[in-house]
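The following exercises train the reading of a protein model. Please study the sequence and the structure before attempting each task.

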Amino acid sequence: MTLQLPVYLDNNATTPCDQRVVAAMLPYFTEVFGNAASRSHPFGWAAEEAVDYAREQVARLIGAAPREIVFTSGATEAVNLAIKGVYDMYAGKGHHIITAVTEHKAVLDTCKRLEKSGASITWLPVDKEGQIDLSALEAAITPQTILISIMYANNETGVIQPIRAISDIARKHGVLLMSDATQATGKIPVDVNTDGIDLLTLSAHKMYGPKGVGALYVRGRSPRVKLTAQIDGGGHERGMRSGTLNVPGIVGLGKAAELCMEEMANDAQRLALMRDRLQATLLQLEQSYVNGSTAHRLPHTCNLSFKYVEGEALMMGFNKTIALSTGSACTSASMEPSYVLKAMGLTDDLARASLRFGLGRFTTDEQVDYVIRTITDTVNQLRSSSPIWEMYKDGIDLDTIA
Ligand SMILES: *Cc1c(COP(=O)(O)O)cnc(C)c1O
């Protein structure tokens, strides 16, 4: 069989829907189209039953009780509801929130918004492995601290934070712990009870489900977490998130969660082997580096930098045949280096010259072979025509030249 191009290796940005998820969703667009809030007839009952079943499937994936799951339009909305909802509800206790500089924009921008309206935010740094320092976290806690928001695993590097140790600290000081687990759920075992998490966000489209649907876990007891709703109207989802439920999407999220539970262990093992092969082979290129902890990392992700290669040229070298993300975000005028990689101590140039490989359920060995070959050729080719590379090869220490 010939290889289909382009190869998709950007599964941390989004995943394709599993065919089995699509099949589970389809009847809920047509035959079973009822409004889950219509309590007076069978169309509504059938929709409600489907939503209840999906709620069980999602709860099971993270060790929660079904009534602790609030369906949302995705992780961004779930993050907003969690952080703003806690901020409003616990205003009597204080206005202090602790988070980290490498969080997803959903968390960073929500905290920045609250900061403008009077919240005090502690932005924890990370070490070169991408992890926060536990003693710095504990030292930041004050009697006014209402929330610690630390992601489970990072979307750019795959680095996993020490969530259980973080939760021990949060518990000891009576502070709620919220974790953006959007990259972790369905990929590695996550359990809100053993992990000690009070609020957790997840999204269907990062785990082979549809876009535009996600969930917020809200701990129901010890402690019972309360939130101020951020969307009013109708009192759906136990008053926490009003709006007619996206029944097909929720059914898809439920099915995606069930499939992840069944296939997570196998997928993780298979993808880690492929990822390790890709990483080991590309690291044979001179002056190439892994970004972030390799001991505490998602099984399907790796982030590599190639020194003395220009980021934009690197991407242009293969972006018609390989879909993956680079360490730079294209803004209108410039290539902004990744704030996650910069926080880990990378220079702007090295951050721009980095690539995030996000393997997924449908990635094949043949695709990985192609990616290894293409990236190797691109890096070698760019360096062969690069004066900076030539200087490096001539033994000139470029780091000391301003
Ligand atoms: C994708 C992602 C989000 C946002 O999820 P949406 O469902 O697309 O809104 C939040 N956090 C992390 C870590 C993510 O990877």
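**Exercise 1.** Determine which residues of strand β2 are buried on each of its faces.

*Solution.* The model is predicted: local features need pLDDT of at least 70 and side-chain atom pairs pLDDT 80 or more, whereas totals for chains, interfaces and linings use all residues. Residues are numbered from 1 along each chain as its sequence is written, and side-chain values use heavy atoms, with hydrogens and water left out.

Step 1. Strand β2 spans residues 69-72; strands (E, at least two residues) and helices (H or I, at least four) are DSSP runs, numbered from the N terminus.
Step 2. In a regular strand, side chains alternate between the two faces of the sheet.
Step 3. On one side lie Ile69 and Phe71, on the other Val70 and Thr72, and all are buried, that is, under 20% relative accessible area (exposed is over 50%, partly exposed in between; 1.4 Å probe, protein chains only).
Step 4. β2 pairs with strand β8 (residues 214-218) in the antiparallel sense over four bridges; pairing requires that DSSP finds at least two bridges. Phe71 stands opposite Ala215 in β8.

**Exercise 2.** Identify the residues that touch the most other members of the largest nonpolar core, and the helix that gives the most to this core.

*Solution.*
Step 1. A nonpolar core is a set of buried Ala, Val, Leu, Ile, Met, Phe, Trp, Tyr and Cys residues joined through side-chain atoms within 4.5 Å.
Step 2. Among the 59 residues of the largest core, Ile62, Ile69, Phe71, Ile148, Tyr152, Leu200 and Leu253 touch the most other members.
Step 3. Helix α2 (residues 42-62) gives the most to this core, with eight residues.
Step 4. At least three residues come from each of domain 1 (7-13 + 264-400) and domain 2 (19-260), bounds that stem from an automatic or database domain assignment.

**Exercise 3.** Is Arg361 buried or exposed, and with which side chain does the side chain of Arg361 make a polar contact?

*Solution.*
Step 1. Arg361 is in the loop between β15 (354-358) and α11 (365-384).
Step 2. With a relative accessible area of 8%, Arg361 is buried.
Step 3. Its side chain makes a polar contact with the side chain of Asp18 (2.8 Å). Such a contact is a pair of N or O atoms within 3.5 Å; within protein, one must be able to donate a hydrogen and the other to accept it, and residues adjacent in sequence count only if both atoms are side-chain atoms.
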